[in-house]
Structure formats: structure tokens, C-alpha cells
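Here's a quick briefing on a protein model, starting with the overall fold and then zooming in on one helix. Have a look first.

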Amino acid sequence: MHKILFIGDIVGRPGRTIIKDKLPAFKEEHGVTIVVANAENSAGGSGLTKKLAEELFSYGIDVITLGDHVWDQRGFDEDIDSLDYVCRPANLPDNNPGKSFVIIEKEGLRLGIFTVLGRNFMPLKATCPFTTSGALLEELKDQADALLIEVHAETTSEKVALGWFLDGKASLVVGTHTHIPTADARVLPQGTAYMTDAGMTGPYASVLGRKTDAIIERFTTGMPKRFPVAEDDVRLCGCLVTLKDNNFHAESIEPICIMNP
Ligand SMILES: [Fe+2]
Ligand SMILES: [Fe+2]
């Protein structure tokens, strides 16, 4: 049976370091076929660079996805097309660089992966995630055996609605962006594993990965502040999905939270 590991938003150096320290042994122990990770916060908490993408691949991540922070690092818009296993959110305007989906084949499994941005409280220009998902399902149906669809969105309602909309069409629909793991991992009736938020991979003694003092000061004063990446209570969070051999629907989904000793 194939197992797919999805890892939630990797935040800064602490996030990258726990991937390096914990991912290889986890993959080995659980017999993971493919690892997909959102790396939108990998570079100092905002965005991704080509160098850091290559670093993350060297630790055992197979495919990298992104979210609203996709273009935060200068020059990444010029580098993204040279990275075969990195995709940007699919429902950005067509004129944005980067792939809107990735297909990876490992151990005979062709897994298609794409991310859609939600539109509630999302500052980027995104088209309808339902329409985009539907069009990509059609486009990928003969090219992939199974699909992993990430919903990068702020509100639980938009994520849950997309989960039900895509039930039976993907092996996993998983939420990211809010950085807080939710307690609702389950297999929906038509065979799609679902979790509203995979959680972040980074420091949990923080506000969404940033030092608490700076964020509290921003809330209490409203003044502009720098938000340094926090350092403590680092965890690797996500979910592990086991696929059925006959139709690649989800057999089970298990939330993952690996802490440093
Ligand atoms: Fe985000
Ligand atoms: Fe994020």
C-alpha cells in the first residue's frame, strides 16, 4: 500500500532543521512513497528561494507547494520555472510564472499535486478555487493515478466546502495557511482523506511561527514591526495517508506531529 506524507508550512530555519533531523527516519519507519510539503514560509518566514528548495529536496521532500507567500523572495519568480517539482498556487492569474500542478511518479504511483488559494481574507488575486479544481481534475484524470489537493485558505468553511466538493475525486484534500493543526482528520464518504489544517512545521512557542512579543506589540500598538522567526518548541506537523491498492482512495489518514526531544 502506498503512503503519502503531507507536511504543513515549513517556517524558517527551525522548520528546515527539523525536516533534516526527522524526515529521513520517519520515511524509513513508515514506508512513505511520496513526501509533499508546503514551503511558503521557508526563507526567513516568508517565501522560498531556489537554494532552499534544493536544500529541502536533499532532505527527502519530493514535491514542494506554495501559498500566498509564493513571491515574497526577490528573484524567485525568475527561478521557479527551473524547479521541476515545485508548483505555485493554481488559481493565480495565468500570467504568473511557475507550474500550476506537478505530477510525480514513484514506485509505480503517479501522484498529481496542486494547490488552490481560498478567496476569503486572501490578499492575492485568485480565481474561484472550486472552478480551478474542477478544471484541473479534468486535465489530470488520465495523467495521474491519484491526486493530492491542497487548499491554502484562511477560513475553515471554505476549506471544508472544498473538501466535500472534491470528495471521491482526490486521495487527499488538506488545508494549509493558518498554521494551526486541526483535530478533524478523517476519510470522507467517497474516499477522500481530509484535514482542515495540517499545521505548520516550525516553532510553536510563537504566533504562527513568529516571536510572540513582536506580534503582541503589533496588536496592542498597531505600529509597524518586524516579526522575527521564533525558535522554541519546534514540531514537524502534517498528515500521513494510506492509499487503497485497487483505486487509490484513502484507506486512512493520521495526523502527524513530531516534536524535538
Ligand atoms: Fe499562507
Ligand atoms: Fe504559511
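What radius of gyration does the protein have, and what would a compact globule with 261 residues have? The protein has 17 Å, which agrees with the value near 18 Å for a compact globule of that length (taken over C-alpha atoms; the globule rule is 2.2 Å times the number of residues to the power 0.38).

This is a predicted model: local features need pLDDT of at least 70, side-chain atom pairs count only at pLDDT 80 or more, and totals for chains, interfaces and linings use all residues. Residues are numbered from 1 along each chain as its sequence is written, while chains are lettered from A and ligands numbered from 1 in the order in which they are written.

**Overall**
- You get six helices and 13 strands (DSSP runs numbered from the N terminus: H or I for helices, at least four residues; E for strands, at least two).
- Buried residues account for 47% of the 261 (buried: 20 or more other C-beta atoms within 10 Å of its own, with C-beta atoms placed from the backbone).

**Helix α1**
- α1 covers residues 12–30, and its 19 residues reach 26 Å from first C-alpha to last, close to the expected 27 Å (1.5 Å times one less than its number of residues).
- At lysine 22, α1 bends by about 40 degrees, with proline 24 following within four residues (the angle between axes fitted to the seven residues ending there and the seven starting there).
- Its buried residues include Ile18, Ile19 and Leu23.
- Just after α1, glycine 31 has a positive phi of about 60 degrees.

Technical notes
Buried ≥ 20, exposed ≤ 12 C-beta atoms within 10 Å, placed from the backbone.
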